[in-house]
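Hi everyone, thanks for coming. I'd like to walk you through a structure that is new to most of us, so have a look at it while I talk.

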Amino acid sequence: MGDAPGDGHVHVILVHGFGCAPSKFWYPRLIRELTELGNVSTAVPYMPGGRSPQVDDWLDRLRSQLSQVDPAHSIVLIGHSVGCNALLRLFAQSEAELQQPTQQPIPHPMHAQLADETDDAIDACNTCDTRNESGSCNACAVASAPTRAERPSRALPALRRVRGVLCVAGWFSVDEPWEGILPWCTPIDTAAARRAFEAHGTALVLLVSDNDRYNADAKGIAATWRAELGARATVLVAKGHFSSKQQPEVFAAARKLVEAARRGEERRPVAAA
C-alpha cells in the first residue's frame, strides 16, 4: 500500500478543465471550503496550452507540482473534465515506468571476443553484419540504449502518498471531439492506472451527470470506470458538465476524501465487474 501518512496534513491539488483557469466555476469555493477544514493546503496550477493543451505538458506540470509537496503530507487530487484524463494518464505512466524491465546489452559474438580491445571492437562494429533499420550495429544500439535507471523517471514517489482522487465529469473520450481535444482521446492504459491506485491505496471517485453535453452515456461511463479502474462512480441528475459555481455533491465528495486522508485511511479494493 501507499506510504504511511505523516503529520495529518493534507495537500490538495485541483486540476482544472479544458481552456479553464483556477478562478473559474466552482474551483475557488471548493478550495476555500477545504482550507477552512484546517491542516489543509491547496494548489490550483494554471495548466499550460490554453485551448490547445498538450498531454505531455500537462503531465510535466503535474509531476512538478507533486514533487514540491512536503513528504510528510498526504495528498488528494481533484480533476475536472480533461483534468481527470490527465490524472489517469499520470498514474498509468508512472505504473508503466515501474513495470518496464531494465534493458541489458546483448553483445554481438565478435564484440564479446574483443571486449577488452577497444580499437578492435570499434572495427568489429564497423564491419558488423547485424544492423538495424537505422544502419547502426544491433549490438551497439542495444548496449547504448538507456537503462531504466538512466532514463528520466516518470514514476513519482509522491503518488504513494495520494490518498484519494476525485474526478468530476471524467471521460476517456468525448462524443464529438474537436481538434484541440483529440490528443486527449487517445487510449489510456486503465490496467496500469488501476494497478497504481491499488498499490498506493488510493481511492478513486467519479462523479458524472446524466445530461453532460460532451458525453451522453453517463451510465456507460460510470460502468466502465467501475470495471476498469475500480472507481466509486456516481451518476448525478442534471449537473451538465459541472460548470456552475454551486456543486454540493462535488464539495461533499472532496471533503470526504480529505477527511479520510487526514485519518490515514486507505481505499478498499473494488472488485472488477
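Let's start with a simple one: what share of the 273 residues in the protein chain do buried residues make up? They come to 47%. Keep in mind as we go that this is a predicted model.

Okay, the overall inventory. The protein chain has 9 helices and 6 strands. About 13100 Å² of the chain is exposed, and 51% of that comes from carbon and sulfur atoms. If you take the contacts with a separation of 6 or more, 81% of them are between residues 24 or more positions apart.

Now the sheet. The 6 strands make an open sheet, and the order is E2-E1-E3-E4-E5-E6, with parallel pairing. At the edges you'll find strand E2, residues 40-43, and strand E6, residues 232-236, each pairing on one side only. On average, neighbouring strands are turned by 15 degrees against each other, if you ignore direction.

Let's zoom in on a couple of those pairings. Strand E3, residues 74-80, runs parallel to strand E4, residues 162-168, and 6 bridges join them. Within that pair, His80 sits opposite Val168 of E4. On to the next pair: E4 and E5 are also parallel, joined by 5 bridges, and here Val165 stands opposite Leu204 in E5.

Stay with E5 for a second. How many of its 7 residues are buried? It's 7 of the 7, so the strand is largely enclosed by the rest of the structure. You can sort them by direction, too: Ala203, Val205, Leu207 and Ser209 point one way, while Leu204, Leu206 and Val208 point the other way. That fits the general picture, where side chains in a regular strand alternate between the two faces of the sheet.

Next up, please find helix H8, residues 218-229. This helix has 12 residues and spans 16 Å from first C-alpha to last, close to the 16 Å expected at 1.5 Å a residue. Which residues of H8 are buried? They are Ala218, Ile221, Ala222, Trp225 and Leu229. Looking down the helix axis, those buried residues fall within an arc of 100 degrees, so they line one face of H8. Right after the helix comes Gly230, with a positive phi near 70 degrees.

And what does H8 touch when it packs on the sheet? The answer is E4, E5 and E6, and the direction of H8 makes about 170 degrees with that of E5.

Between E5 and H8 there's a loop, and that's where Asn215 lives. Is Asn215 buried or exposed? Its relative accessibility is 6%, so Asn215 counts as buried. Beyond its neighbours within four places in sequence, Asn215 is in contact with Trp171, Ser173, Val174, Asp175 and Ile221. You've met Ile221 already, as one of the buried residues of H8.

Two more residues before I stop. Ser23 is in the loop between strand E1 and helix H1, and at 61% relative accessibility it counts as exposed. From Ser23 to Tyr46 is 23 residues in sequence and 9.6 Å in space, C-alpha to C-alpha. Then there's Glu259, in helix H9, residues 248-263. Glu259 is partly exposed, with a relative accessible area of 33%. Its C-alpha is 9.6 Å from that of Leu34, although the two residues are 225 apart along the chain.

That's my tour, thanks for listening.

Notes. Residues are numbered from 1 along each chain as its sequence is written. This is a predicted model: local features need pLDDT of at least 70, side-chain atom pairs count only at pLDDT 80 or more; totals for chains, interfaces and linings use all residues. Side-chain values use heavy atoms; hydrogens and water are left out. Helices (H or I, at least four residues) and strands (E, at least two) are DSSP runs, numbered from the N terminus. The expected span of a helix is 1.5 Å times one less than its number of residues. Buried means under 20% relative accessible area, exposed over 50%, partly exposed in between (1.4 Å probe, protein chains only). The arc is that of the directions from the helix axis to the C-beta atoms. Two strands pair if DSSP finds at least two bridges between them. Axes are lines fitted to C-alpha atoms, for helices over the stretch in contact, and angles run from 0 to 180 degrees between N-to-C directions. Contact means heavy atoms within 4.5 Å. Accessible areas come from the Shrake-Rupley method with a 1.4 Å probe; for residues, only the protein chains shown count as cover.
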